[in-house]
Amino acid sequence: MIFRKAVLSNQSHIYLSCDKGTSGNFIKMISYYNFEKKKVDTYTLDIEASGGNSADAAIAVHHSMKRLQPETRDPYLLLHGCTTDSGGGGTGKSFRDELLKKEDVTCSAERYTIAFCSIHNLMLCFSNPMKTLLGEGGLTKDENGKDGYK
């Protein structure tokens, strides 16, 4: 597999970025620093259906990662961290904890890093006050809260 050779030749740590869309499709992308090119390379690992919690998401990631290393626990093909959004299944510490149970696809807990999508967090900063002001549904609702927009 081309990706496997690239990772092995560069001896990089790989990281996962994932998100489950509203249709239930779970996209998984992996990235690593390519020392030859002096840049981060990113590849779509796959897109498949997954359940709505962290345990189901970890099973889906485990399945995808096993395609890269079916025989042995290759130290260069272990996940060293992930980025996720802030809600739904397969996010945050619960997702990390479920992934760490799959010892053949992740590094140790001490070295595993988590990052959250800042765009999702920023949107919450705007959406929560607007929901308080306008109510759930915002401008699409016919209530007094949107009189200032007429």
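This briefing describes the fold, the buried packing, the charged pairs and selected surface features of the structure above.

The model is a predicted one. The protein contains 4 helices and 5 strands, and from the N terminus on these elements follow the order α-β-β-β-α-β-α-β-α. Of the 150 residues in the protein, 35% are buried, and about 9000 Å² is exposed, with carbon and sulfur atoms supplying 57% of that area.

**Overall contacts**

- Among the contacts in the protein with a separation of 6 or more, 56% are accounted for by residues 24 or more positions apart.
- One pair of residues that are separated in sequence is Ser54 and Thr91, which stand 37 residues apart along the chain while their C-alpha atoms are separated by 6.6 Å.
- Ser54 belongs to helix H2, and this residue counts as buried because its relative accessibility is 9%, under the 20% cut-off.

**The buried side of helix H3**

- Helix H3 spans residues 92-100, and within this helix Gly92, Phe95, Leu99 and Leu100 are buried.
- These residues lie on the same side of H3, because they cover an arc of only 135 degrees around the axis.
- As general background, an α-helix has 3.6 residues a turn, so residues three or four places apart point the same way.
- The buried residues of H3 pack against several elements, namely the strands E1 (14-20), E2 (25-34), E4 (79-84) and E5 (113-116), together with helix H2 (54-68).

**Asp41 and Ser31 in strands E3 and E2**

- Asp41 is located in strand E3, which covers residues 39-49, and with a relative accessibility of 4% this acidic residue counts as buried.
- The side chain of Asp41 makes a polar contact with the side chain of Asn34 at 2.8 Å, and the side chains of Lys37 and Asp41 meet in a salt bridge at 3.8 Å, N to O.
- When residues up to four places away in sequence are not counted, Asp41 touches Ile30, Ser31, Tyr32 and Asn34.
- Ser31, one of these partners of Asp41, is placed in strand E2 and is likewise buried, with a relative accessible area of 14%.
- Leaving aside neighbours within four places in sequence, Ser31 is in contact with His13, Ile14 and Tyr15, and also with Val40, Asp41 and Thr42.

**Salt bridges**

- The whole structure holds 6 salt bridges; in general terms, side chains of opposite charge can pair when their charged atoms come close.
- Lys28 and Glu48 are one such pair, their side chains meeting at 3.2 Å, N to O.
- This pair links distant parts of the chain, since Lys28 sits in strand E2 and Glu48 in strand E3, 20 residues apart.
- Lys28 counts as buried because its relative accessibility is 0%, and Lys28 also takes part in a network of salt bridges that links it with Asp46 and Glu48.
- A further salt bridge joins the side chains of Glu98 and Lys101 at 3.1 Å, N to O, and here the lysine, Lys101, is exposed, with a relative accessible area of 58%.

**The loop between E2 and E3**

- Lys38 lies in the loop between E2 and E3, where its phi angle is near 55 degrees, a positive value in a residue other than glycine.
- Lys38 is classed as exposed because its relative accessible area is 63%, above the cut-off of 50%.

**A nonpolar surface patch**

- Ile119, Leu122, Met123 and Phe126 form a nonpolar patch on the surface, and together these residues have about 440 Å² of accessible area.
- Ile119 is part of helix H4, which runs over residues 118-134, and this residue is exposed, with a relative accessible area of 59%.

Technical notes:
Residues numbered from 1 in each chain as written. Predicted model: local features only at pLDDT ≥ 70, side-chain atom pairs only at ≥ 80, totals over all residues. Heavy atoms only, no water. Patch = residues over 30% accessible without salt bridge, like charges linked within 9 Å, V, L, I, M, F, W, Y side chains within 5 Å. Areas by Shrake-Rupley, 256 points an atom, 1.4 Å probe, with all protein chains shown as cover. Salt bridge = Lys/Arg side-chain N within 4 Å of Asp/Glu carboxyl O. Helix = DSSP H or I, 4+ residues; strand = E, 2+ residues; numbered from the N terminus. Buried < 20%, exposed > 50% of the residue type's maximum accessible area, 1.4 Å probe, protein only. Arc of directions from axis to C-beta. Contact = heavy atoms within 4.5 Å. Polar contact = N/O pair within 3.5 Å; in protein donor to acceptor, adjacent residues only side chain to side chain.
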